[in-house]
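Student: Hi! I'm new to this one, could you walk me through it?
Tutor: Happy to, let's have a look together.
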Amino acid sequence: MLAQMMDQPLLISSLIGHAAKWHGDTEIVTRTLEGPIHRYDWRAAEVRAKKFAQALSRLGVKHGDRIGTIAWNTYRHVEAYYGVAGMGAVTHTINPRLFPEQLEYIINHADDQYLVIDTSFVDLVAGMRDKFPNIRGIIVFADKANMPSEDKLPGALCYEELLELEHGDYEWPTFDENSAAALCYTSGTTGNPKGALYSHRSTVLHTLTEIAPDCMGLAARDTVLPVVPMFHVNAWGLPYATAAVGCKLVLPGRDLDGKSIYELLTQEKVSFTAAVPTIWMMLLAHMKEANGKLDDLERVVIGGSACPRAMMETFQDEYDVQVLHAWGMTEMSPLGTVNTPKAKHDVLSKTQKVDLQQSAGRVLYGVDMKIVDEDGITLPNDGEATGELKVRGPWIIADYFNLSEKAPAHAEDGWFSTGDVCAIDQDGYIWITDRLKDVIKSGGEWISSIDLENVAVGHPKVAEAAAIGVHHPKWDERPLLVIVPTANGQDLTKEDVLGYLEGKIAKWWMPDDVAFAEDLPHTATGKLSKLQLRQRFKDYKLPTA
Ligand code: ADP
């Protein structure tokens with residue numbers, strides 16, 4: 001027997017519709033690329049999103065067409081998110097930090113019909129214009145005064161002029177909630193980037209989970225600053241989640257340095273923010289120098305790579321900001337786990353609570369997880385056994401977009417192989433030790449590169465650390481620790497570093513050597529690029545070899 005409930009599709013337009021109707025006077029604040037702060041509210045944002053939807057229809061954009069965006073976090077980018085998906089097309093957010101060959105590949109692979117770009121990417125796109133034969137037009141997020149010259153980007157359309165032609169009196173169309181809404185490509189550290197094509201349904205379900213107390217716990221009274229870019233897995237869903245709760249949204253534009261972020265956090269009284277550890281390293285360094293305070297900030301989400309303990313302690317002990325350690329991936333929209341405590345953890349000591357926070361988080365309702373050994377046998381959730389993490393759920397992709405054959409990550413049994421190695425305890429906290437391709441295999445046992453790095457960055461003279469496995473004739477691989485010293489740590493020695501690690505890690509994990517570097521290679525999403533680092537050290541010989 002079927003129930004008698006209203007059959008309302010879960011559509012992304014309903015999120016901004018709700019924000020505009022019931023939180024219409026709540027602000028959206030942007031640091032514009034031109035410099036000044038721009039302010040308006042959810043009501044005005046929806047009208048402009050509708051105008052953009054009308055403009056796209058006028059340009060001949062149809063249901064399911066992909067529209068690429070190359071843009072920072074700004075109010076116009078938010079309007080495009082809703083305008084494109086709301087009218088039934090697909091927002092394809094593109095990471096401008098990808099290599100030109102990768103940009104060419106994904107724009108053509110996605111078969112984008114239009115590109116919508118910030119003025120700061122005009123040169124990038126103009127230089128590659130002939131590589132995108134299927135692109136019908138390029139829309140620049142600018143008013144007439146800030147448009148590039150005609151010879152620079154011939155035929156470019158002005159976003160503000162397109163909106164001026166429309167009245168905005170428009171009903172969001174209704175269609176199947178399983179329609180595609182957004183597309184993100186993984187950074188493709190090996191091989192070509194692969195696309196994750198999200199639906200309206202998966203996005204709304206992800207949003208409902210995201211705002212819940214054991215996830216990000218967002219509320220109408222919050223002020224949210226997504227520093228994580230809208231081209232990095234949709235800023236982890238925050239442009240949707242903030243509309244669902246109707247809170248104030250603060251957008252940093254392209255200035256992601258410590259000083260600029262600090263200014264926005266304090267001037268706009270931000271209560272909640274999110275980004276990868278690299279961003280927080282810059283903010284904390286700035287605040288130390290400038291003697292900064294974070295009176296309004298309550299919670300910071302740190303994810304994308306493991307959050308070092310020292311960073312957590314600085315946020316919590318020195319600035320009284322709660323850290324929410326999170327784990328996810330592009331293929332998961334991206335949320336998989338967020339670290340929040342249970343009632344039984346109230347009795348833990350302060351140190352034990354921080355120990356627990358080292359876990360990348362606790363499993364969310366909607367995501368099912370298990371770990372398996374090399375033969376695919378399920379391992380116990382005892383917090384000890386480590387294996388490859390497999391996941392399934394309604395906001396996890398069933399396959400990659402438009403690949404000629406099924407990716408090996410998608411097995412017939414319906415589970416997605418994450419490529420991450422972790423332990424899971426009986427409460428659902430996951431303890432990530434590595435990516436499968438980064439584990440250091442010493443004498444048949446695995447050494448966690450993440451654990452080595454996290455301990456090493458606790459040293460006050462270490463700015464960044466990376467552990468990689470290098471060939472060893474007896475043990476197969478042994479760890480090499482590469483250290484970037486802080487500005488005042490130039491006198492740091494190998495002995496200092498190894499001495500610091502002693503007692504904090506298992507004896508047989510002790511790196512065979514320590515190398516010093518001025519910088520470490522990072523991926524387009526700001527994570528350590530172990531692939532490039534291994535390349536850098538490919539001819540390196542361990543002193544113990
Ligand atoms: P990419 O950076 O490759 O473009 P993602 O942003 O999807 O892609 O990265 C997902 C991966 O990032 C995860 O599979 C995991 O390896 C790593 N990661 C994310 N969060 C954490 C975390 N809290 N701790 C450790 N690793 C993490």
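Student: How far is a polar side-chain atom of His 325 from a nitrogen atom of the ligand?
Tutor: The two atoms are 3.3 Å apart, which fits a polar contact (a pair of N or O atoms within 3.5 Å). Bear in mind that this is a predicted model, where local features need pLDDT of at least 70, side-chain atom pairs count only at pLDDT 80 or more, and totals for chains, interfaces and linings use all residues. Residues are numbered from 1 along each chain as its sequence is written, and side-chain values use heavy atoms, with hydrogens and water left out.
Student: And which atom of the ligand does Asp 420 reach with its polar side-chain atom?
Tutor: That Asp 420 atom lies 2.6 Å from an oxygen atom of the ligand. For Arg 435, an N or O atom in the side chain is 2.8 Å from a ligand oxygen.
Student: How much of the ligand's accessible area does the protein cover?
Tutor: The protein covers 93% of the 570 Å² that the ligand has on its own, with areas from the Shrake-Rupley method and a 1.4 Å probe.
Student: Which strand gives the most to the shell around the ligand?
Tutor: Strand E14, residues 322-328, with 4 residues. Strands here are DSSP runs of at least two residues, helices (H or I) of at least four, numbered from the N terminus.
Student: Switching topic, how do H1 and H9 cross?
Tutor: The axes of helix H1 (residues 13-22) and helix H9 (residues 238-245) come within 7 Å and cross at roughly 40 degrees. Axes are lines fitted to C-alpha atoms over the stretch in contact, and angles run from 0 to 180 degrees between N-to-C directions.
Student: What do you call that arrangement of H1 and H9?
Tutor: H1 and H9 are oblique to each other; angles under 35 degrees count as roughly parallel, over 145 as roughly antiparallel, 65 to 115 as roughly perpendicular and the rest as oblique.

Technical notes: Polar contact = N/O pair within 3.5 Å; in protein donor to acceptor, adjacent residues only side chain to side chain.
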